[in-house]
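This briefing is meant for a reader who is meeting this structure for the first time. It begins with the chain as a whole and then takes up its parts, topic by topic.

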Amino acid sequence: MTKHQKRLSVPNSWPIERKTETFTVKADAGPHGEAGVPLLIVLRDVLGYADTRKEARYALNQDSVLINGKAVSDEERPVGMFDILAFVERDEYYRVFPGQGGRLALTPIDEDAADSTLGKIENKQHVPGGDVQLTLHDGQTLVVDEGAPYDGGDSVVVSNDDGEIVAHFEYEEGALVTAVDGAHAGEIGTVETIQVTPGSAENNVLVEQDDGEGFETIESYVVVIDENFTSDDDEAPEDVTEEASADVDEGGDGE
């Protein structure tokens with residue numbers, strides 16, 4: 001397996017320019033699969049907190065950069081949808097939110113909101129002992145009691161301290177959702193209709209919005225959220241990614 005990653009072939013979710021340099025850092029194995037963005041890109045190319053990989057490594061070795069409440073020392077650790085980034089020394093906190101075109105964007109949040117992480121339930125199965133295991137969109141697994149009211153497509157909020165579920169949002173008509181992929185990525189609205197499709201094709205979801213536009217997408221592209229993930233009038237939250245990127249000279253993969 002190659003250790004190099006060409007910019008032209010990075011996933012659409014990566015918030016980087018593709019034609020300024022040939023190569024960029026490759027994501028290490030970890031959560032979020034191929035869509036995960038290496039932490040180095042966030043530190044260097046998006047926020048401008050480091051100019052080189054060496055500077056990023058030094059900063060991470062101070063244990064002042066947290067992802068979902070845990071200090072991270074690997075600059076290639078993938079960062080993905082709904083992760084919480086905390087820069088302790090700067091007193092800055094961000095949630096990774098789907099932006100326009102499917103690119104991951106950084107949304108400033110309060111310190112209190114950085115204590116927990118949202119996850120979409122992708123799979124639910126029984127495990128030995130009679131319990132039920134939930135698999136979230138980032139690969140995290142949670143074990144809950146049999147009969148607990150969690151189903152595929154629902155969202156849960158998990159405490160970063162102890163891994164306990166502190167909130168639950170059902171995937172149903174009337175639920176507030178955001179699209180995380182496709183032509184409507186980053187848009188927010190309320191589920192109007194879930195159209196069950198016979199066979200193996202995905203269900204369609206009709207989402208209504210306050211402006212009357214609305215949109216249609218497939219089930220796997222929507223995630224249930226709550227009003228804390230939106231600004232006023234159910235609009236997408238503020239995104240600092242583009243503003244920060246404009247202030248940073250695009251770097252290569254220098255040491």
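The model shown here is a predicted one. Its chain has 255 residues, of which 45% count as buried, and its secondary structure comes to 3 helices and 19 strands. The points below turn from the whole chain to one pair of helices, and then to two open sheets.

**The chain as a whole**

- The accessible surface of the chain comes to about 13,200 Å², and carbon and sulfur atoms account for 42% of that area.
- Among the contacts in the chain with a separation of 6 or more, 48% are made between residues that stand 24 or more positions apart.

**The pair of helices α1 and α2**

- Helix α1, which covers residues 39-46, packs against helix α2, which covers residues 53-60, at an angle of about 115° and with the two axes 10 Å apart.
- Because angles of 65 to 115 degrees count as roughly perpendicular, α1 is described as roughly perpendicular to α2.
- The residues that make this contact are L39, L40 and L43 on the side of α1, and R53, A56 and L60 on the side of α2.
- The crossing in which α1 passes α2 is right-handed.

**The open sheet with β10 to β14**

- In this sheet 5 strands are arranged in the order β12-β11-β10-β13-β14, and their pairing is antiparallel.
- The edges are taken by β12 (141-144) and β14 (165-169), and each has a single partner strand, so one side of each is left without a neighbour in the sheet.
- From one strand to the next, the twist of this sheet averages 40°.
- Strand β11, made of residues 132-136, pairs with β12 in the antiparallel sense over 4 bridges, and within this pairing L134 stands opposite L142 of β12.

**L142 in the edge strand β12**

- L142, which lies in strand β12, has a relative accessible area of 8% and is therefore buried, since the cut-off for a buried residue is under 20%.
- Leaving aside neighbours within four places in sequence, L142 is in contact with V132, Q133, L134, L136, V156, V158, G163 and I165.
- One of these contact partners, I165, is 23 residues from L142 along the chain, and the C-alpha atoms of the two are separated by 8.8 Å.

**The open sheet with β15 to β19**

- A further open sheet of 5 strands follows the order β18-β17-β16-β15-β19, with antiparallel pairing.
- Its edge strands are β18 (215-218) and β19 (222-224), each of which pairs on one side only.
- The twist in this sheet averages 45° from one strand to the next.

**The hairpin of β17 and β18**

- Strand β17, made of residues 204-208, and β18 pair in the antiparallel sense over 4 bridges, and the two form a hairpin with 6 residues between them.
- In the turn of this hairpin, G212 has a positive phi of about 85°.
- Across the pairing, V207 has F215 of β18 as its bridge partner, while V205 stands opposite T217 of β18.
- In a regular strand the side chains alternate between the two faces of the sheet.
- In β18, F215 and T217 belong to the covered face, whereas E216 and I218 belong to the uncovered one.

How values were computed
Residues numbered from 1 in each chain as written. Predicted model: local features only at pLDDT ≥ 70, side-chain atom pairs only at ≥ 80, totals over all residues. Heavy atoms only, no water. Pairing = 2+ DSSP bridges. Axes fitted to C-alpha atoms, helices over the stretch in contact; angles between N-to-C directions. Buried < 20%, exposed > 50% of the residue type's maximum accessible area, 1.4 Å probe, protein only. Contact = heavy atoms within 4.5 Å. Areas by Shrake-Rupley, 256 points an atom, 1.4 Å probe, with all protein chains shown as cover. Parallel < 35°, antiparallel > 145°, perpendicular 65-115°, else oblique. Left-handed = near helix turned anticlockwise from the far one by under 90°.
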